[in-house]
Protein chains: 4
Amino acid sequence: LKEFATIITPRLYETDAMGHINNATIAAWFEVARVRFIESLTERGPGIAKDWILASVQIDFVGETFYGVDVIAKITEATIGNSSLTLRCEMLQAGRLTVRGTAVLVHIEPQSKAPTRIPDTLRDKVAAL
Amino acid sequence: LKEFATIITPRLYETDAMGHINNATIAAWFEVARVRFIESLTERGPGIAKDWILASVQIDFVGETFYGVDVIAKITEATIGNSSLTLRCEMLQAGRLTVRGTAVLVHIEPQSKAPTRIPDTLRDKVAAL
Amino acid sequence: LKEFATIITPRLYETDAMGHINNATIAAWFEVARVRFIESLTERGPGIAKDWILASVQIDFVGETFYGVDVIAKITEATIGNSSLTLRCEMLQAGRLTVRGTAVLVHIEPQSKAPTRIPDTLRDKVAAL
Amino acid sequence: LKEFATIITPRLYETDAMGHINNATIAAWFEVARVRFIESLTERGPGIAKDWILASVQIDFVGETFYGVDVIAKITEATIGNSSLTLRCEMLQAGRLTVRGTAVLVHIEPQSKAPTRIPDTLRDKVAAL
């Protein structure tokens, strides 16, 4: 997989009283990286993708993230199941690994919210990466 | 106006690196107080009110707000125009005034988003307060 | 373990354009439940605990969480290692399980941020639960 | 004043159930624009500026802001008093004015938090803009 990267500039309000970026902000940034990755696979471009739902997320806080230095959030691995898409993510700050995450997304039919097979066009694009 | 109060327990992630509650969190709490006030006026109870939109907000940060002590957010004044509702709010922490805010909401027709006259039932309820 | 519960009233700004509570908000609520649990174990009461750091978090989004109905966030299990504390959490909305989470916290020496053994007083309190 | 602009890419979790960007997120973005502006005036670059505090903020929501299109947040005016700095901001999305804001910041002595005169070096820089 050719790495897919999003650059995130930490914001003052994303810090907490511990003086670092709060863990819930990291979970939010992971969403930013995931959403950009998925939007890059579709023709329609940025827009609210109502055909994906988050089933689970796992985050290791390998090191603290601080204000003042950009963070690179990389999607390092994408694994496609029948209706599920597992994305692995790494965040680096000043070359230092700070976060490692895994998210499982499920492709759904927007009305019924029932899981549906991921379309072949998306499969081909992920395979080509 | 009989004061309408919401109690808010500050959360760790709502602090920032200055060691106090971030200003954008205060703006978010003001929404909590406004929404509860409006929901208290309607029969339908909690639900996403798509017939109100925020036109403007003004907040004076009279004193810092800290983690560890509950905040009381009071709607102290409600003024009804044709389609607008102006709400004044005060926040207190440990008896100390920390925030004074004013918000102007506009009653809209959800589809067209055009301003519409506030219904008389709501006017009567606000007048009765 | 006698269940430890925090009641959370969903806020309008915690929803997203999918019409439900955003996943990053759930991560933030999990922090609320964890922090209350830890604060309940110490004599000092609410305050910013600089002697704990989050090592990892895992969240299963079992069902969607919506605006308008309170959520009960329960700490259902607490396991103490030498310097680590593993907390399991469940969130329920209207009796329906919506979230299952696990967090690993590490007890640190605030200055050096080096892991340190969890004090016996805390161990005894967790054992007594 | 030569316009000072920050580009903000709206994030999915910054939307709310109304389908647009939540008002508290706009307040947070205004902080992003203010902080970048202040950091651009100082030699030290990005870092947590403990010598400024927000006294008040006023925001007009001229139009809705949506997901999917970048927002330009401009500081259009900076007025320096003895210890206060008033910043005016405009946000545009796809060329459309969506937000107009005014913030009053106060320069403080970080320990005592007492207002102190804004240093001449900063005054000269703002005058030169």
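Let's start where chain B meets chain A: 4 residue pairs are in polar contact across that interface, each with both partners at pLDDT 80 or more. Sorted by class, the side of chain B that touches chain A brings 3 nonpolar, 3 polar and 1 charged residues. Keep in mind as you look around that this is a predicted model.

How many salt bridges turn up across the interface of chain B and chain A? The count there is 0. As for the residues taking part, 7 from chain B are in contact with 7 from chain A.

Now for the size of that meeting place. People often describe an interface by the accessible area that is lost when the parts come together. For chain B and chain A, the buried area is about 610 Å², and carbon and sulfur atoms give 68% of it.

Next, have a look at how these two chains are related. Turn chain B by 180 degrees, with 0.0 Å of shift along the rotation axis, and it superposes on chain A with an RMSD of 0.0 Å. Where in chain B should you look for the C-alpha nearest that axis? Go to B:Asp16, whose C-alpha is 1.9 Å from the axis. The two copies also use the same surface, since 100% of the contact residues of chain B recur in chain A.

Chain A has a partner in chain C as well. A rotation of 180 degrees superposes chain A on chain C, again with 0.0 Å of shift along its axis and an RMSD of 0.0 Å. That's why the pair can be described by a two-fold axis. On the chain A side, A:Gln58 is the residue that comes closest to this rotation axis, with its C-alpha at 2.1 Å. Here too one surface serves both copies: 100% of the contact residues of chain A recur in chain C.

Finally, let's peek at the hollow spaces. Empty space shows up when a probe the size of a water molecule is rolled over the atoms. In this model, there are 3 cavities of 30 Å³ or more. The largest cavity has a volume of about 650 Å³. Which residues lie nearest the centre of the largest cavity? They are A:Tyr13, B:Tyr13, B:Thr25, C:Tyr13 and D:Tyr13, out of the 26 residues that line it. To find this cavity in the structure, you can pick out Tyr13 in chains A, B, C and D, together with B:Thr25.

Methods
Residues are numbered from 1 along each chain as its sequence is written. Chains are lettered from A and ligands numbered from 1 in the order in which they are written. This is a predicted model: local features need pLDDT of at least 70, side-chain atom pairs count only at pLDDT 80 or more; totals for chains, interfaces and linings use all residues. Side-chain values use heavy atoms; hydrogens and water are left out. Contact means heavy atoms within 4.5 Å. Buried area is the accessible area (1.4 Å probe) that two parts lose on being put together, summed over both. A salt bridge is a side-chain nitrogen of Lys or Arg within 4 Å of a carboxyl oxygen of Asp or Glu. A polar contact is a pair of N or O atoms within 3.5 Å; within protein, one must be able to donate a hydrogen and the other to accept it, and residues adjacent in sequence count only if both atoms are side-chain atoms. Ala, Val, Leu, Ile, Met, Phe, Trp, Tyr, Cys and Pro count as nonpolar, Asp, Glu, Lys and Arg as charged, and the others, Gly among them, as polar. Copies are superposed by least squares on the C-alpha atoms of residues with pLDDT of at least 70 in both. On a 1 Å grid over the protein atoms alone, a cavity is a set of points where a 1.4 Å probe fits but cannot get out, and a pocket is an open set with protein on both sides within 12 Å along at least five of seven lines; lining residues have an atom within 4 Å of a point. Grid points are joined across faces, edges and corners, and a volume is the space filled by probe spheres set on the points.
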